[in-house]
Amino acid sequence: MSGDWKAQFDALVTETKAHTEALNWEARRPRAQPREAVERIGLNPLDYGGSERDEIRKRVENFRKHQEQFSREREEYASSILRILRTVNPVAK
């Protein structure tokens with residue numbers, strides 16, 4: 001019985017090696033570069049047309065715009081909730 005598990009183990013190892021070698025050809029294929037993938041889809045890579053300082057400035061500007069938009073939306077939501085509360089309970093002003 002002790003030799004039986006050893007034979008099964010060796011057979012499993014051999015089978016696993018054969019399976020791994022059969023799948024290994026996929027790992028060796030060259031992969032598409034990100035630029036190629038972007039070009040195939042039809043998207044343009046981000047290009048701010050300037051130095052890194054210009055890119056940072058534009059990103060910060062976009063971030064500020066988004067933050068201002070979120071702030072406005074938050075204020076509008078709070079105002080709408082307060083209007084609703086005031087109509088329900090006119091004492092709370």
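**Group meeting: salt bridges and a nonpolar patch**

Okay, let's jump right in with a contact: the side chains of Lys65 and Glu61 meet in a salt bridge, with 3.7 Å from N to O. Keep in mind that what you see on the screen is a predicted model.

So where do these two sit? Lys65 and Glu61 are in helix α3, and because they are four residues apart there, about one helical turn separates them. Salt bridges that share partners tie Arg57, Glu61 and Lys65 into one network. The other half of that network is Arg57 with Glu61, where the closest N and O atoms are 3.6 Å apart. Here too, both residues lie in helix α3, four residues apart, about one turn of the helix.

If you're new to this, here's the background: side chains of opposite charge can pair when their charged atoms come close.

Are these residues buried or exposed? Glu61 is in between: partly exposed, with a relative accessible area of 37%. Arg57 is partly exposed as well, at 45%, and Lys65 comes in at 47%, also partly exposed. Partly exposed is the class here because those values fall between the 20% limit for buried and the 50% limit for exposed.

Now let's step back. How many helices does the protein chain have? Three, and zero strands. Reading along the sequence, you get α-α-α. Of the 93 residues in the protein chain, 0% count as buried. The chain exposes about 9200 Å², and carbon and sulfur atoms supply 56% of that.

Back to charges for a second. The structure holds four salt bridges. One of them is over in helix α1, which covers residues 2-28: Lys6 and Asp10 both lie there, four residues apart, about one turn of the helix. Their closest N and O atoms are 3.9 Å apart. Lys6 is partly exposed, with a relative accessible area of 40%, and Asp10 is partly exposed at 36%.

Last stop, and no charges this time. Which residues form a nonpolar patch on the surface? Tyr77, Ile81, Leu82, Ile84, Leu85 and Val88 do, and together they have about 610 Å² of accessible area. Take Leu82 as an example: you'll find Leu82 in helix α3, which spans residues 52-88. Leu82 is partly exposed, with a relative accessible area of 42%. Patch residues need over 30% relative accessible area, so Leu82, at 42%, clears that cut-off.

That's my tour. In short, helix α3 holds Arg57 and Glu61, and Leu82 from the nonpolar patch sits in helix α3 too. Thanks, everyone!

Note on methods
Residues are numbered from 1 along each chain as its sequence is written. This is a predicted model: local features need pLDDT of at least 70, side-chain atom pairs count only at pLDDT 80 or more; totals for chains, interfaces and linings use all residues. Side-chain values use heavy atoms; hydrogens and water are left out. Patches are made of residues with over 30% relative accessible area and no salt bridge: like charges are joined within 9 Å, nonpolar side chains (Val, Leu, Ile, Met, Phe, Trp, Tyr) within 5 Å. Accessible areas come from the Shrake-Rupley method with a 1.4 Å probe; for residues, only the protein chains shown count as cover. Helices (H or I, at least four residues) and strands (E, at least two) are DSSP runs, numbered from the N terminus. Buried means under 20% relative accessible area, exposed over 50%, partly exposed in between (1.4 Å probe, protein chains only).
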